[in-house]
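User: Please take a close look at one part of this model, the sheet and what packs on it, and begin with the loop residues that have an unusual backbone angle. I would like one connected account, with each cut-off stated where a term is used.

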Amino acid sequence: LTERDEPWLRALLDEHARFVGRRRSELRERLREPLPVRAPVAKLRVAGHVLDAIGRGKTSACIPPRDARWFVFRAASKARAPRDEVLRTAAASLDVAAEELDSALFADLRGEQRVIKLPNDLSASRLALLANQAIVTSLLRRAAHVRIRAWGNTRALVRHVRLLGLICVVSRPLAETTAVRLVPPGLDAKRGEPLEGVVLEISGPFALFRRTEVYGRALASVLPRAAWCNDYEIDAACALDRGGHLSTLLVRSGDPIPRGRELNRYDSKVEQRFARDFARAAPDWDLIREPRPVAVEGTLVFPDFELVHRRDRNRRWLLEIVGFWTREYLVEKLRRLRAARLPRFVFCIDERRLCGDAQLAAGARYVVRYKSRIDPMDVLALVDRDETR
């Protein structure tokens with residue numbers, strides 16, 4: 001949807017406003033008729049679904065519908081009487097009018113719910129963006145494989161994918177790309193400086209044995225997060241028919257897609273508490289949140305923090321807070337970091353999230369154990385002990 005669709009989108013919003021407080025079934029019936037402004041049928045259907053999701057109706061009844069049904073059905077089971085008489089009997093026991101009880105019986109059905117007022121900031125242009133997002137989201141839910149190339153502000157995107165638990169491999173992008181842009185990929189349009197880039201290879205729902213709707217929704221939520229990057233390109237292979245034929249979906253920077261809400265600064269309360277405690281305990285050190293990713297054996301490692309001494313900038317340590325872990329996981333990760341010549345890397349592991357053998361290798365000396373809270377003095381002790389060797 002583009003600016004050319006805004007006239008009929010405004011007409012759609014006006015019709016919705018006219019039906020506020022009335023039953024949703026009445027609004028749906030009205031939208032089956034033509035709008036005052038001609039609207040493409042397929043686009044109108046998408047915009048209608050978006051409005052339906054935003055303006056979810058509310059139940060309006062004198063008593064909860066479940067209670068109303070229980071009393072009426074119980075009264076009907078006790079005496080074989082006409083419907084009106086059953087309603088009057090049940091209404092008398094509830095001290096309400098029979099007409100009110102009748103309207104409350106199925107007031108929780110979607111068609112009987114009342115149309116509510118839409119947000120004041122929902123304009124025609126905003127509705128067009130949300131409709132575009134709904135279109136791409138529905139396609140991503142049918143994806144077999146998704147590749148995202150992104151440059152600049154990529155950490156939030158990678159964080160989001162990690163928090164969702166998607167099946168994903170992160171790497172550096174190749175120098176060349178087939179994308180056509182006014183600004184070369186990986187280049188800051190204002191300064192002409194290179195931007196930090198990543199490539200995310202994500203398995204789609206149709207690549208899994210169980211094509212779960214939950215996984216599809218999680219994958220679709222990556223779309224508005226990618227819009228926060230300076231430059232991005234989403235390339236997805238989607239199954240649009242029952243024959244299994246894959247079609248290509250391509251979304252790029254500049255496409256009319258809305259941004260998602262900004263993520264919290266910290267992934268967890270443990271990170272937030274550690275940042276606060278470290279700032280108090282170590283005034284000679286700077287704690288940098290989300291430092292540059294580290295390339296290790298074809299993949300990228302995203303540390304949570306970097307410790308930098310204020311008077312000696314060469315004294316630098318990377319720190320990662322590990323969630324669920326096994327001995328093999330930590331040993332392999334330490335080996336890869338040593339292979340990348342990154343000896344100054346501290347792992348803070350939660351002892352309560354051990355998923356394997358509790359005995360760590362003797363060489364894993366850059367590990368700080370904690371329970372619910374990371375003591376910054378333990379981290380500083382490990383740093384001082386290693387630097388004095």
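Analyst: Asp 95 is exposed, with a relative accessible area of 71% (exposed means over 50%, buried under 20%, and partly exposed in between, using a 1.4 Å probe and protein chains only). This is a predicted model, in which local features need pLDDT of at least 70 and side-chain atom pairs count only at pLDDT 80 or more, while totals for chains, interfaces and linings use all residues. Residues are numbered from 1 along each chain as its sequence is written, and side-chain values use heavy atoms, leaving out hydrogens and water.

Most residues other than glycine have a negative phi. Asp 95, although not a glycine, has a positive phi of about 60°, and it sits in the loop between α5 (83-94) and α6 (98-104) (helices are DSSP runs of H or I with at least four residues, strands runs of E with at least two, numbered from the N terminus). Ser 372, also not a glycine, has a positive phi of about 70°; its relative accessible area of 36% makes it partly exposed.

Ser 372 leads to the sheet, for its loop lies between β12 and α13 (376-387). The strand β12 (367-370) is an edge of an open sheet, and β6 (285-289) is the other edge, each pairing on one side only (two strands pair if DSSP finds at least two bridges between them). The five strands follow the order β6-β9-β10-β11-β12, with mixed pairing, and the twist averages 25° from one strand to the next (axes are lines fitted to C-alpha atoms, for helices over the stretch in contact, and angles run from 0 to 180 degrees between N-to-C directions).

Within that order, β10 (316-322) runs parallel to β11 (residues 345-350), and five bridges join the two strands. At one place along this pairing, Leu 319 stands opposite Val 346 in β11. The helix α12 (327-339) packs on the sheet, where it touches β10 and β11, and its direction makes about 170° with that of β11 (contact means heavy atoms within 4.5 Å).

A further helix, α11 (269-281), lies across β6, β9 (305-309), β10 and β12, and it runs at about 160° to β6. The strand β10 therefore appears in both helix descriptions, being touched by α12 and lying among the strands that α11 crosses. The edge strands β6 and β12 are likewise among those that α11 lies across.
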